[in-house]
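Morning, everyone. Please bring up the sequence and the structure, and I'll walk you through a few places in the fold.

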Amino acid sequence: MESGNPSPPRAASAPAGRFARGRRSRFLGLTLDQGIKAFFGGNALVAVIVLALITVFLFREGFDFFGQNRQNLLIYRRAGLEFVDLIRTQESDHTAFTRYLSDLRTRQLNYLTQQRHLGLPAANAALAAYDDFAGQFGVAVEPLRGLVSDLTDLATGIKTKFIVEQDKREERRQLLAEGKATEAANVKIEEVDFASELQPLLATQPAYRKVNREFAQKLEAALTATPAMPSPELQARLERFKQLARTYVAGFPAIERKLETWDYRRAIPWYQTVTSFVFGREWLTASFWQDWYGIIPLFVGSLMVSVVALVIAVPLGV
């Protein structure tokens, strides 16, 4: 006769395990674990599909964008805008020199009033010789500026004609797409003959060379009559200015050679549409002159905003 309670047979636990597994909740034939896996797996698939669609969209829009950018560069060359900008660079650089002279005058005025304790009328009187020099240097560019203005009118006129031609072609294409053949045939398209349109522009090269020589002579005359500065530090700045100005004048013949070899028929390489965007320093749209798309201004602006945000957020976050 055995003492104690006998242990229940082990087989009795098996039906309970099967019963517990059978009671697991199901949805659409899936257990909870299977549902979780399906949910996240489905989300991952949706994310991949969305990213693929975004990529396709970006590539498609990118091709359209760079195609339009290439068209802008093409008309920039064919209409002679590029030709005019070769000369305009001289005017822009001269403007930078006049700003240098203006800054140098401000430094002299501060030195005379703060270091030598002159009154404002006396300080301005002491700068009379400098003002004459700066004025002579500044007005030397006026003939060149007038020539650039005239050439700008010629080039923008050619560009306007080309835009009108393109608009007429698009109007005809849309009418044909709508099946309106008669109306499309009535759209008059005047094709721009760039060779003849550019002749007045190219014919100004002898006048430009004459203006250029006179411009160089006036600048050199102004540089040889520079007044003495009131301090060694300011004198060093003036000598630096004279060095830069003479280097600027020495570059005039190179611009003349570029104008002589400039050819509106030269093709725009495909990579230039990308490099002009990646390395461009201007972002100007709807410009009467040219639409420029350079990413550097946007990148620098975003970087500056991010730096300012980090400067404020990091100390507070820490």
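Start at F194. This phenylalanine counts as buried, because its relative accessibility is 10% and the cut-off for buried is under 20%. Keep in mind that we are looking at a predicted model.

Now its partner, F162. F162 is buried too, at 11% relative accessibility. The two ring centres, F162 and F194, are 5.8 Å apart. Their planes meet at 45 degrees, so this pair is tilted. F162 sits in helix α6, and F194 sits in helix α8, residues 194–197. The two are 32 residues apart, so to speak of the chain, the pair links distant parts of it.

Stay on helix α6. It covers residues 142–177, which is 36 residues. What span should we expect for 36 residues at 1.5 Å a residue? The expected figure is 52 Å, and the end C-alpha atoms are 52 Å apart, which agrees. Which residues of α6 are buried? Among them are L144, L147, V148, L151, I158 and F162. The list also includes K159 and E165. Just after the helix comes G179, with a positive phi near 80 degrees.

One more residue in α6: K161. At 42% relative accessibility, K161 is partly exposed. Leaving out residues up to four places away in sequence, K161 touches V192 and E197. K161 and D193 are 32 residues apart in sequence, yet their C-alpha atoms are 9.9 Å apart in space.

Next, a helix pair. Look at α3, residues 81–114, and α5, residues 128–139. Their axes are 10 Å apart, and the packing angle is about 170 degrees. That angle makes α3 roughly antiparallel to α5, because anything over 145 degrees counts as such. Who makes the contact? From α3 we have H94, F97, T98, L101, L104, R105 and Q108. From α5 we have Y130, D131, F133, A134, F137 and G138. By class, that contact has seven nonpolar, four polar and two charged residues.

Back to aromatics. How many aromatic pairs does a search of the whole structure find? The count is 15. Take Y100 and F241. Their centres are 5.4 Å apart, with 35 degrees between the planes, and the pair is tilted. Y100 lies in α3, and F241 lies in helix α11, residues 232–250. The pair therefore ties together parts that are 141 residues apart in sequence. Are these two rings buried or exposed? F241 is buried, with a relative accessible area of 0%. Y100 is partly exposed, at 24%.

Those two rings also belong to a cluster. One aromatic cluster is formed by F97, Y100, Y130, F133, F137, F215, F241, Y248 and F252. Some names should sound familiar. F97 of α3 and Y130, F133 and F137 of α5 are also in the helix contact I just described.

Now Q205, in helix α10, residues 205–223. Q205 is buried, with a relative accessible area of 13%. What does Q205 contact, leaving aside neighbours within four places in sequence? It is in contact with F83, L259 and E260. Q205 and L259 are 54 residues apart in sequence, and 7.7 Å apart in space, C-alpha to C-alpha.

One backbone point. Most residues other than glycine have a negative phi. H117 has a positive phi, near 60 degrees, and is not a glycine. H117 is found in the loop between α3 and α4, where α4 is residues 120–126. With 65% relative accessibility, H117 counts as exposed.

Finally, the whole protein. It has 14 helices and four strands. Of its 318 residues, 28% are buried. Take the contacts with a separation of 6 or more. Residues 24 or more positions apart account for 73% of them.

To recap. F162 and F194 form a tilted pair linking α6 and α8. Y100 and F241 tie α3 to α11. Helices α3 and α5 are roughly antiparallel. That's my tour.

Definitions and conventions
Residues are numbered from 1 along each chain as its sequence is written. This is a predicted model: local features need pLDDT of at least 70, side-chain atom pairs count only at pLDDT 80 or more; totals for chains, interfaces and linings use all residues. Side-chain values use heavy atoms; hydrogens and water are left out. The expected span of a helix is 1.5 Å times one less than its number of residues. Buried means under 20% relative accessible area, exposed over 50%, partly exposed in between (1.4 Å probe, protein chains only). Contact means heavy atoms within 4.5 Å. Axes are lines fitted to C-alpha atoms, for helices over the stretch in contact, and angles run from 0 to 180 degrees between N-to-C directions. Angles under 35 degrees count as roughly parallel, over 145 as roughly antiparallel, 65 to 115 as roughly perpendicular and the rest as oblique. Ala, Val, Leu, Ile, Met, Phe, Trp, Tyr, Cys and Pro count as nonpolar, Asp, Glu, Lys and Arg as charged, and the others, Gly among them, as polar. Rings of Phe, Tyr and Trp (its six-membered ring) pair if their centres lie within 6.5 Å; planes under 30 degrees apart count as stacked, over 60 as edge-to-face and the rest as tilted.
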